[in-house]
Amino acid sequence: IPTFLQNVLQNGISKELNTRELEIGELNFLHTTDTHGWLGSHINQANYDADWGDFVSFASSFKRQKVGKSRDLILIDTGDKHDGNGLSDATVPNGRISTEIFNEQDYDLLTLGNHELYTAENTILEYYSTALSQKFKDAYVSSNVEFVTDDGDLVPFGSKYRYFETHNQNIRILALSFMFNFQRTNPRARVSPATSIFQQDWFKQMVKQYPQDKVDVIVIFGHMPITDPEAHEINHVHTTLRKLYPETVIQYFGGHSHIRDFAVFDERATGLQSGRFSETVGFLSIDKIKSGAPEFKRRYIDFGKHSFAYHSGVSRQTKKGQDLSLKIASVRQELNLNEVIGHVPTSYYMYSKPITSKHNIYNLLVTKVLPRLKSDQTDETKSRFIIINTGSIRYDLYKGNFTKDTEFIVSPFPNDWNFVEVPLSLAEGVADYLNEGPVLYTSMAPPGARSRKRHPESCPFIHDPKLSKGYTTRDDFGCDGDDVPHNTELYFTVPNVVQSVELKPTDGVNVHLVFYSFIQKDILKALNELGETRLSGFEHFTDRDCKRYGGASTKELLKEYIRDGE
Ligand SMILES: Nc1ccn([C@@H]2O[C@H](COP(=O)(O)O)[C@@H](O)[C@H]2O)c(=O)n1
Ligand SMILES: [Zn+2]
Ligand SMILES: [Zn+2]
């Protein structure tokens, strides 16, 4: 037994982890979200050093040792399982092996995120290997997403809802799952607005069959942020549900915005969101469910071996967990994810260094990496602006080995480059226009900024170099949600887009505006609105004016830059 666990067992406290026991209730939940293929642990970050085998072991040991036979545990995931790590992205199709590994966890409720809907192959894989699987056919719920069959028919993507009773306390649960209003699905799926389901026959039938007196807890879990200051989607859902179930306890589990978050909706309803990239396991408990005054407790557990051992009281993996960890290690070998391509001389950060810093990753990209882009479709004598959405970069780039895995971690998307030839006077306004507008899809605004509208005041800054760097979370219950205090990360704002500008002195008035096809609609909108105000007799740009620029992806360019050195 490791020394830290001996301390825990003898003293009931963890000096090393500086944490305290979880407050187990009648009904308990463990929640993951936005894992994005991070099933093989964070090799550079000791506090997130657990892999999926450790997590599978933890969930089963925690259930056995801590929850026991008199209380209940429900395991939930809220989607986004692709795009962000070599384990999912280095296979064809993307997710071929990581889906099998992910599905080893015994989830009671699971659903899909938008990353299961960008490509047809991911949607088909998700539908057949998970939603329809023998193991998850009851647990997989999606109330507002449909799958399009080979014949073009629309069928529910899993069950519309799930009603079940827990084993130990016989708590009657009614679970529904909502995807946010995602508009970029491939043709094999359709997402309807969440609130539109309240008009549908199956929903009305469900309310009739399971009215308030037949339900103890409503669980709404989905790929939708629990704090949504722009669209308020979850709040609209809550308003309707509360009318139909005025007294029932409602517990939300959210995702998509990648933050640790907890929100109080009313005295019988709260929501939990559990971060991203297997950095967090969210814990939630509800006690006194039938008293009319339920008590909610929440905690954000770091996805690490020490945290798992402490909270389960067991430091050894289960046989299933051990086998899974071995499988993950061998898949990583098979996919050459540990293959060293180059050396990163210093770390580059997304938001813990200001964008003007030479340690900021966007600064590195626009000054050193994007200028390496070469078109295979058009001449390159013209001045050019290369614009990327900051959301296309997903993780910090750490000092040390740059491996095949790093490529996918930093920049997973195989976005194509397109371009449009435009007057210089328009091109130079596009980035500012997009940055002054609303959030572009998910920009990589730092976690604090994404919940700041709700909590303008932040938690006391922790400065203790002995602690690991990480989150200091402010939520509706205050500042004690992080299971382990971290040395607070500094956050600087990140714009919607960044650009690399190359102006050539001999050039005419027209320039090439180069961008990811993913943001073409936004680029056209910016050009047309700027054109209307700046140029007389301006004619709108359309998709037809946008041409393929070709050339290597950002992932490739970054890899080559690191391999070649400065
Ligand atoms: N081809 C793509 C696809 C997505 N993005 C970025 O990812 C965001 C969505 O990711 P979530 O994990 O938040 O669902 C999306 O809004 C874009 O920022 C991209 O750049 N290219
Ligand atoms: Zn996500
Ligand atoms: Zn998402």
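How are helix 10 and helix 15 oriented relative to each other? In this predicted model, the two helices are roughly perpendicular to each other, because their axes cross at roughly 80° and an angle of 65 to 115 degrees counts as roughly perpendicular. The points below take up this pair of helices and then turn to an open sheet of 6 strands.

**The pair of helices**

- Two packed helices are described by the angle between their axes and the distance between the axes.
- The axes of helix 10, which covers residues 361-369, and helix 15, which covers residues 554-564, come within 11 Å.
- Helix 10 contributes Leu365, Lys368 and Val369 to this contact, while helix 15 contributes Thr554, Leu557, Leu558 and Tyr561.
- Sorted by class, the contact of helix 10 with helix 15 has 5 nonpolar residues, 1 polar residue and 1 charged residue.

**The open sheet**

- The 6 strands of the open sheet follow the order 6-7-9-10-12-11, and their pairing is mixed.
- Strand 6 (161-165) and strand 11 (260-266) stand at the edges with a single partner strand each, so one side of each is left without a neighbour in the sheet.
- From one strand to the next, the twist of the sheet averages 15°.

**Strand 11, its partner and a packed helix**

- Strand 11 pairs with strand 12 (residues 269-274) in the antiparallel sense over 6 bridges, and Val264 stands opposite Thr270 in strand 12.
- Helix 7 (residues 233-244) packs on the sheet, where it touches strand 9 (217-221), strand 10 (249-254), strand 11 and strand 12.
- The direction of helix 7 makes about 160° with that of strand 10.

Conventions
Residues are numbered from 1 along each chain as its sequence is written. Chains are lettered from A and ligands numbered from 1 in the order in which they are written. This is a predicted model: local features need pLDDT of at least 70, side-chain atom pairs count only at pLDDT 80 or more; totals for chains, interfaces and linings use all residues. Axes are lines fitted to C-alpha atoms, for helices over the stretch in contact, and angles run from 0 to 180 degrees between N-to-C directions. Helices (H or I, at least four residues) and strands (E, at least two) are DSSP runs, numbered from the N terminus. Angles under 35 degrees count as roughly parallel, over 145 as roughly antiparallel, 65 to 115 as roughly perpendicular and the rest as oblique. Two residues are in contact if their C-beta atoms, placed from the backbone, lie within 7 Å. Ala, Val, Leu, Ile, Met, Phe, Trp, Tyr, Cys and Pro count as nonpolar, Asp, Glu, Lys and Arg as charged, and the others, Gly among them, as polar. Two strands pair if DSSP finds at least two bridges between them.
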